Amino acid sequence: MTTLDIFKKELNLLIDEMQRCTNTKIKEQILNDILLIHNAVKDQLRKLTEAEK
């Protein structure tokens with residue numbers, strides 16, 4: 001399993017949790033976690049693209 005696969009799996013779990021959650025503070029934390037994963041994926045893709053050059 002690649003790093004990107006792990007990020008994708010975690011992202012799907014967070015999205016499911018956000019849909020079930022009713023607490024606004026918890027939803028904000030989940031959104032923050034989603035944004036962290038988004039930035040990590042962008043960084044990984046940038047590194048992979050640079051490595052191919």
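**Exercise 1.** In this predicted model, determine what the buried residues of helix 2 pack against, and identify those residues.

*Solution.* The packing partner of the buried residues of helix 2 is helix 1 (3-20). The buried residues in question are Ile30, Ile34 and Ile37. Their spacing can be read against helix geometry: an α-helix has 3.6 residues a turn, so residues three or four places apart point the same way.

**Exercise 2.** Describe the extent of helix 2 and state which residue caps its N-terminal end.

*Solution.* Helix 2 covers residues 24-52, which amounts to 29 residues. From first C-alpha to last it reaches 42 Å, close to the 42 Å expected at 1.5 Å a residue. The N-terminal cap is asparagine 23, which places a side-chain oxygen 2.8 Å from the backbone nitrogen of lysine 25.

**Exercise 3.** Classify histidine 38 as buried, partly exposed or exposed.

*Solution.* Histidine 38 belongs to helix 2. Buried requires under 20% relative accessible area and exposed requires over 50%. The relative accessible area of histidine 38 is 43%, so this residue is partly exposed. Its C-alpha atom is separated by 12 Å from that of isoleucine 6, which lies 32 residues away along the chain.

**Exercise 4.** Decide whether the chain is spread out or a compact globule.

*Solution.* The chain comprises two helices and zero strands. Its radius of gyration is 13 Å, whereas the globule rule gives 10 Å for 53 residues; the chain is therefore more spread out than a compact globule. The C-alpha trace spans about 45 × 20 × 10 Å along its principal axes. Of the 53 residues, 11% count as buried. The exposed surface is about 4500 Å², of which carbon and sulfur atoms supply 56%.

How values were computed
Residues numbered from 1 in each chain as written. Predicted model: local features only at pLDDT ≥ 70, side-chain atom pairs only at ≥ 80, totals over all residues. Heavy atoms only, no water. Helix = DSSP H or I, 4+ residues; strand = E, 2+ residues; numbered from the N terminus. Expected span 1.5 Å × (residues − 1). Buried < 20%, exposed > 50% of the residue type's maximum accessible area, 1.4 Å probe, protein only. Contact = heavy atoms within 4.5 Å. Polar contact = N/O pair within 3.5 Å; in protein donor to acceptor, adjacent residues only side chain to side chain. Rg over C-alpha atoms; globule rule 2.2 N^0.38 Å. Areas by Shrake-Rupley, 256 points an atom, 1.4 Å probe, with all protein chains shown as cover.
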